[in-house]
Amino acid sequence: MRIADHATWDRGFPVKYLLVQEDEDGVERLWGRCAGVEGFFVDPVPLPREVLTLRGCRPDGLLSEVLAGPDVSLRGLGDVCVEVRDEEKPVQWWTLVDAVVVAHQPHSADPERYDIVLGAGVRNEESFFELPATPHFKLFAGTTVAAASAGWCSVVDGLFKARVDPVPVPMELIGCEPAEPLLAALRRPRRWERDWAYLLVLDRHGAVMASRTVGLAITGARPSVLGGTLVDISGTQAAQIAGIATA
C-alpha cells in the first residue's frame with residue numbers, strides 16, 4: 001500500500017490519520033482515512049504495581065551494573081523485557097514497566113547467581129505458544145529491537161498470575177471515510193470484535209510522522225459532524241498498548 005495514494009482527498013480539510021491493517025501475509029490494507037481522532041492522546045490508566053522475584057539470575061549489562069553499584073535498593077531499571085523461551089525459541093514476551101530493584105541476595109544453590117526482587121507494572125505483550133514445562137527467561141533492558149541483554153534467570157515468581165483486564169479507553173474517529181474492510185465491519189448488526197490496526201499520523205504534506213498500534217472495538221457510527229458522506233466512529237481501544245513511535 002502506498003501512503004501517498006491515500007494521504008489526500010477533495011475536501012476543505014486535510015487527511016490527518018490513516019487506519020491501516022496488515023494481513024497474515026504482511027500486506028497492508030487501508031481501512032479508512034480520517035480528519036481527526038478523539039481519545040488518541042489520552043494517557044492509559046497506569047498498571048498496578050506488583051512485586052516479582054527473579055530467581056537464579058545471572059545479571060548482564062544494566063542489571064549487572066546496578067547490582068555492582070552502591071545503594072542498590074530502589075534503583076530504577078526502566079522497562080525490562082522478559083522473553084520466555086523453550087529449548088529452541090521464544091514463546092512469550094512480557095514487559096516489567098518502570099521496574100525498580102527492591103532487594104537482592106545470592107541464590108541459595110549458586111552464590112554466583114542472585115535472587116532479585118523487583119517492583120513493576122506487568123504487561124503481557126505476546127503469547128504465541130503455550131508455556132513449556134521448563135521455561136527459560138531472558139531479560140532485556142528496554143523493549144525495542146535494539147534492547148541490550150540484562151541477563152538470564154531460572155524462575156520469575158509472580159509473572160504468571162491472573163490479572164484483571166485493563167480498562168478500555170474511549171476513542172472516536174472523526175470525519176472518517178471508511179474503506180471496504182471497515183465498511184464491512186460497520187454493516188455487521190452486532191458489535192465488532194476488537195481487531196488490531198495501525199493508526200498513522202500524517203503531517204501537512206501527507207508524510208507519516210508517527211504510528212500507533214490500536215485495538216479498536218467499534219460501538220457505534222453516525223453521520224460526521226464534518227458533513228458530507230463522512231462518518232464518526234466511536235469505540236474503545238485497548239488501554240495498555242505500545243505508545244507512539246516515530247516513523
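**Charge distribution, overall architecture and strand pairing**

The protein chain carries 24 positive and 34 negative side chains, and the centres of these two sets are separated by 4 Å. The structure is a predicted model, and the values reported here are computed from it.

In terms of secondary structure, the protein chain comprises 14 strands together with two helices. The C-alpha trace extends over about 70 × 35 × 30 Å when taken along its principal axes. Of the 247 residues in the protein chain, 43% are buried. The accessible surface amounts to about 13,600 Å², and carbon and sulfur atoms contribute 54% of this area. Among the contacts in the protein chain with a separation of 6 or more, 64% are formed by residues 24 or more positions apart.

Strand S8, spanning residues 148-153, pairs with two strands described here. With strand S7 (residues 136-141), S8 forms an antiparallel pairing over five bridges. Strand S3 (residues 50-59) likewise pairs with S8 in the antiparallel sense, in this case over two bridges. Gly151 in S8 takes part in the register of both pairings: Leu139 stands opposite Gly151, and Pro59 is also placed opposite this glycine. In a regular strand, side chains alternate between the two faces of the sheet.

Technical notes. Residues numbered from 1 in each chain as written. Predicted model: local features only at pLDDT ≥ 70, side-chain atom pairs only at ≥ 80, totals over all residues. Heavy atoms only, no water. Helix = DSSP H or I, 4+ residues; strand = E, 2+ residues; numbered from the N terminus. Buried < 20%, exposed > 50% of the residue type's maximum accessible area, 1.4 Å probe, protein only. Contact = heavy atoms within 4.5 Å. Areas by Shrake-Rupley, 256 points an atom, 1.4 Å probe, with all protein chains shown as cover. Lys, Arg positive; Asp, Glu negative; His and termini not counted. Charge placed at Lys NZ, Arg CZ, Asp CG, Glu CD. Pairing = 2+ DSSP bridges.
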